[in-house]
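This report looks at how parts of a protein model meet one another. Please keep the sequence and the 3D view at hand while reading.

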Amino acid sequence: MAESLSPTPSPPPEHDRRLAPRDAFQWAFDAQAARQWQQAARRWATLRAVYPDHPPVWIQAAVALRELGSHDEARHLLAEARARFETHPGGWVQGANTALADGDTALAARLLEEARQRFPDDPPVWVRSAHLALATGDREGALRFNRHARDAFPEWAPAFDQHAELAMAAGDWDSARQRWAEVRRRFPDHPPGYRRAAEVEERQGRHREARRLRLAEEHGLDWLEESDPAEPPAVAPPRRRDGRNFIDLVWTKARLNLKSEANRNHLRYLWWVIDPLSYMAVFYVVFGLLLNRGGEGFVAYLLTGLVPFQWFAKTVQHASNTIVEGRGLMNQVRISPLFFPLVAVVQNAGKQTLVFLMLAVFLLLYGLAPTVHWLALVPVVLVQLLLMVGVGCGLAMIIPFVRDLINLVPTGLQFLLFASGVFYTLDTIPERWRDLFMVNPLANLLHQYRLILLDHQWPDWSQLGWLTLGCVIGLVVVILAYRRLEGVFPRVVVE
Amino acid sequence: MNGQIVLSARDLGVRYKRRGGLFRPPRYHQAFRGLTFDLYQGETLALTGRNGAGKSTLLKVLAGILRPDEGRLINHGVTVSLLSLQAGFDPELPGTDNALLSAMLLGYTRAQARASLSRIAAFSELGAFMDEPVKTYSSGMRARLGFSVAMFLSPDVLLIDEALAVGDRSFREKAEREMNKKIHSLQTVVLVSHSESQIEKLADRVIDLQSLGGRHVL
């Protein structure tokens, strides 16, 4: 009800030590804002003694008194206000409000009629007129006054609020919803457009829409329009990744891991050459030059065993701890735990291609030129991949449950290095142990590599076949175990 | 909220091993037990409860990340995902690579991820930083990128674990704005929050895990 407050500008006299009226009135307005009507009435009474020439001390005092129920006093003050300030609509508007509160609609109607003639340019006059019309049951009249207010003062939000409120009072919820939407369109920062509209939705049991409107008060009109439920979803994920996407993901992750690894060093990708090259050089120097053992062609024999073995060892070493290391990601997104060891296998395979290339160059320089048998490298390499996937995934699966095993992996690999015939030839093994020796899949594989690269022969297909079968069976077991353990890993890795 | 049922939990229980090994009897922490409820299409369900009550654990169960120890979760044919920020970020890689990878981990196909890259870059407001390694980012910038990636994903059921406070103030407002928009689209949401006012503003229904579990059992 704090309309029409502008005090008439009357500059204080030269030696006036009083507060400026606006500042002084704040004292009483504060009490009013806190709805301390008793206190407000007393403050206005005090102020009236000091600033009798200002409308608020009469009109606002009457508002406070009316709230306290002292209608007669309020009426008296307002009559005084109308007499003193003929150019101020407050006396009439509040007079009508007080009369209405008293139930004296005739007086209220007379006062507002006068007000409309005297102050046709004051918006509250029209809104109060509509209010009065509604109170007396004259809906038509209420709408008429309200329309005038909206037409004459399109910048004044309360007129539009009233329009919507009229529909709400009539129980016409559809119109009310539209009218509040109109309020929001015209006055996007005006809270009632959201809050009262939310109440309309609540009334109709549409709680979700009501909440959306309340949130919109915080985020603004644009948000409301953008959040229209009709908007299509952005990217809908699958229920479960299909095989193609899974492989794509493993591939992408492995590729990016390689890139990331390279970014960590100054020489970047060059390390993938330097590292195996230096490793091979050490073995060449120690075994080929210093010890000079094994006789003719020993260095080639050594390297054709060492290169595939190193590939196996690095891959298995890397893969074995990947599930434990992937605990963060595993707890964030739904992903098959196979992802983690497989990335390690692919990542190491990527680096290994360079090493194999260098081995080929070495063999060429060594006088062992490529033959048609080299084609058989493809199945041999594939079987080795299969073996590494099985062993890598298997170890990665077991280690989360028995963490201590991770300490045994390097030792195990060391043992394998000596048990796979990297440093010695097959014929140094007694005949009766040879079959047992070849049961070691890695020893078997190295033997096939050497058959192709050194002896220029086709590999032993039957041995390779058995090996493949073994790998496939092992892999199936591992994959089945992964299926069972999928929902268990995320918990085990954090325990 | 009488839509279709999308997820049903029946007597769910999860416990964590707190300690124990070869020579010590194991002790368990029961996160919750006997939890039964239905999640309806389009509703926003809030989970409350003190720390350790199992709110995040329940989200993981709903997302299919964790398998419950007891009871079962029935999915009536919907996609469910946990809103994960910065999933799988690698500090050595530039923002674009991380966005691509993170998006794929969240469930985008590579083609979808590629197609979304420009939107992600625009939403994160990182500009030329998108081509710099993530290790050069401030934590706020990293959070922005993470949020922007997750932002464009719309599973049928979205699970949110109090992850709305990201980046600086203006970005936080933007993120909250978008999040609230998401929550208020037709999407079904399960939300973990400690903020009463947030729950009041967003949730249709609240499940209080405090009353349900958090017991230590032998």
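## The two domains of chain B

In this predicted model, 20 residues of domain 1 of chain B are in contact with 17 residues of domain 2 of chain B, where contact means heavy atoms within 4.5 Å. In the domain assignment of chain B, domain 1 covers 5–79 + 202–217 and domain 2 covers 82–192; such bounds come from an automatic or database assignment. The centres of the two domains, taken over C-alpha atoms, are 26 Å apart.

Between them, domain 1 and domain 2 of chain B bury about 1600 Å², 66% of it on carbon and sulfur atoms; buried area is the accessible area (1.4 Å probe) that two parts lose on being put together, summed over both. On the side of domain 1, B:Leu59, B:Thr79 and B:Leu202 lose the most area to domain 2, together 38% of what that side buries.

## What the domain 1 side is made of

The rule finds eight residue pairs in polar contact across this domain interface, both residues being at pLDDT 80 or more. A polar contact is a pair of N or O atoms within 3.5 Å; within protein, one must be able to donate a hydrogen and the other to accept it, and residues adjacent in sequence count only if both atoms are side-chain atoms. By class, the domain 1 side has twelve nonpolar, six polar and two charged residues, with Ala, Val, Leu, Ile, Met, Phe, Trp, Tyr, Cys and Pro counted as nonpolar, Asp, Glu, Lys and Arg as charged, and the others, Gly among them, as polar.

## Where chain A meets chain B

The contact between the chains takes 50 residues from chain A and 62 residues from chain B, and the two chains bury about 4600 Å² between them, 52% of it on carbon and sulfur atoms.

Four salt bridges are found across the interface of chain A and chain B, a salt bridge being a side-chain nitrogen of Lys or Arg within 4 Å of a carboxyl oxygen of Asp or Glu. A:Arg264 and B:Glu92 form a salt bridge through their side chains (4.0 Å, N to O). The rule also finds 14 residue pairs in polar contact across this interface (both at pLDDT 80 or more).

## How to read the values

Residues are numbered from 1 along each chain as its sequence is written, and chains are lettered from A and ligands numbered from 1 in the order in which they are written. Local features need pLDDT of at least 70, side-chain atom pairs count only at pLDDT 80 or more, and totals for chains, interfaces and linings use all residues, while side-chain values use heavy atoms, with hydrogens and water left out.
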